[in-house]
Amino acid sequence: MRRLRTRLTGALLAVLALTTAGCGGASHAGAGADTGAKADANRVEPLAGKPDPDLPVTVRSADGGKLTVGKADRVVPLSGSLGELVFTLGLGDRVVARDITATFAQAAKLPVVTRGHDVSAESVLSLRPDLVLAETTTGPAEAMDQIRAAGIPVLVVAPARGLDDVDPRIEAVAAALGVPAAGRALTDRTERRIAAVRKGVPREEEKPRVAFLYLRGSASVYLIGGKGSGATSLIEAAGGVDAGAESGLAKDFTTITSEALVKAAPDAILVMSKGLESVGGVDGLVKIPGIAQTPAGADRRIVSIEDGALLSYGPRTDQVLKSVVAQLYEGDAA
């Protein structure tokens, strides 16, 4: 990676103003048109003004059915990214519970009713929600059936797998909440901010190879992302190549081996901040067999992003992308 930094010295001026929002507390002075840079990376930024929901509405759910929402005074989002959308649309005061991945500051005091898609139907129903927001992967199925059987409308939203999924998810949630105009405003703001960050990405013939690793040291889980991990779109938007996917890893995640790392040959490694912490930081990461033998390990080029933001693909994606670019090209290692 030293050779990459040498080639990019001149191009770095384009990204010196980028902040490292969402990277385990590191930050920079930010500048730039409508990039939405925030010193506190762990907060969402609601739209100006407070929308007034126009209900009832009938919308289509990603599970194939139609759904009528009569009220949205008490909303339970069953994923962190869906909770983030409700808050950013300006309706956070209606959210009465959260998923454990809703790590942004405004949701901190809400009760946790789901952990990694392990939904407690009893906990959800005890909060008397008017509307439940779920992902297609939310479960178990028995819990979701129990919530529906109680007469609670459940909007299922298609999963976020890349930048192209940001707008449809915003629009789906905004429509179900009866605030489509706010959805359009948030979509426009998000598109502008992502575009502003992308303009500052260095353009080089030899793109940096970035491997996304999923780490949970306490459980001895060490995985490398391949096609379908969800990180490819983000890496490419930052001007890089997804080293795992490009090396032929067809599964979303594969157990890390020295052979897989040698083939991927990453110039940098992308991780979630808590995952990095779980293996003892950068010092512990390079002790995982094979890591130190990669260009990324030898140069300790680690890009660390807050867990709840990295793959959320929502209103904070510009901040995530900004952080990836800043760390990848400026040398702001974790």
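Which backbone oxygen lies 2.8 Å from a polar atom of the side chain of Thr190? To find out, open the structure, which is a predicted model, and select Thr190.

**Stop 1: Thr190**

Thr190 is found in helix α6. Show its side chain and look for the backbone oxygen of Leu186: that is the atom lying 2.8 Å from a polar atom of the Thr190 side chain. Now switch on a surface. Thr190 has a relative accessibility of 2%, and because buried means under 20%, Thr190 counts as buried. Next, select Val166, Ile170, Gly314 and Pro315; Thr190 touches these residues, leaving aside any up to four places away in sequence.

**Stop 2: helix α2**

Select residues 80-91, which make up helix α2. Is this helix enclosed or open to the outside? Of its 12 residues, 12 are buried, so α2 is largely enclosed by the rest of the structure. Colour the buried residues to check, among them Gly80, Glu84, Phe87 and Leu91. Then add the elements that cover them. These include the strands β3 (75-77), β4 (98-99), β7 (131-135) and β8 (154-157). Helices α5 (166-176) and α6 (180-199) are also part of the cover, and α6 is the helix that holds Thr190.

**Stop 3: the sheet that contains β4**

Keep β4 selected and add β5 and β6. These 3 strands form an open sheet in the order β4-β5-β6, with mixed pairing. The edge strands are β4 and β6 (118-119), each of which pairs on one side only. Zoom in on β4 and β5 (residues 112-115): the two pair in the parallel sense over 2 bridges. For one bridge, pick Asp99; its partner in β5 is Thr114. In general, strands of a sheet pair through backbone hydrogen bonds, either parallel or antiparallel.

**Stop 4: the largest pocket**

Finish at the largest pocket, which has a volume of about 1200 Å³. Its lining comprises 34 residues, and the closest to the pocket centre are Thr101, His117, Met272, Leu311 and Ser312. Select those five to centre the view. Which elements give two or more residues to the lining? They are α2, β9 (209-216), α7 (232-237) and α13 (307-310). The helix from the second stop, α2, is thus one of the elements in this list. Strand β9 gives the most, with 3 residues. Finally, colour the lining by residue type: 11 of its residues are nonpolar, 15 are polar and 8 are charged.

Note on methods. Residues numbered from 1 in each chain as written. Predicted model: local features only at pLDDT ≥ 70, side-chain atom pairs only at ≥ 80, totals over all residues. Heavy atoms only, no water. Buried < 20%, exposed > 50% of the residue type's maximum accessible area, 1.4 Å probe, protein only. Helix = DSSP H or I, 4+ residues; strand = E, 2+ residues; numbered from the N terminus. Contact = heavy atoms within 4.5 Å. Polar contact = N/O pair within 3.5 Å; in protein donor to acceptor, adjacent residues only side chain to side chain. Pairing = 2+ DSSP bridges. 1 Å grid on protein atoms, 1.4 Å probe; cavity = no way out; pocket = protein on both sides within 12 Å on 5 of 7 lines; lining within 4 Å. Points joined across faces, edges and corners; volume = space filled by probe spheres on them. Nonpolar A, V, L, I, M, F, W, Y, C, P; charged D, E, K, R; others polar.
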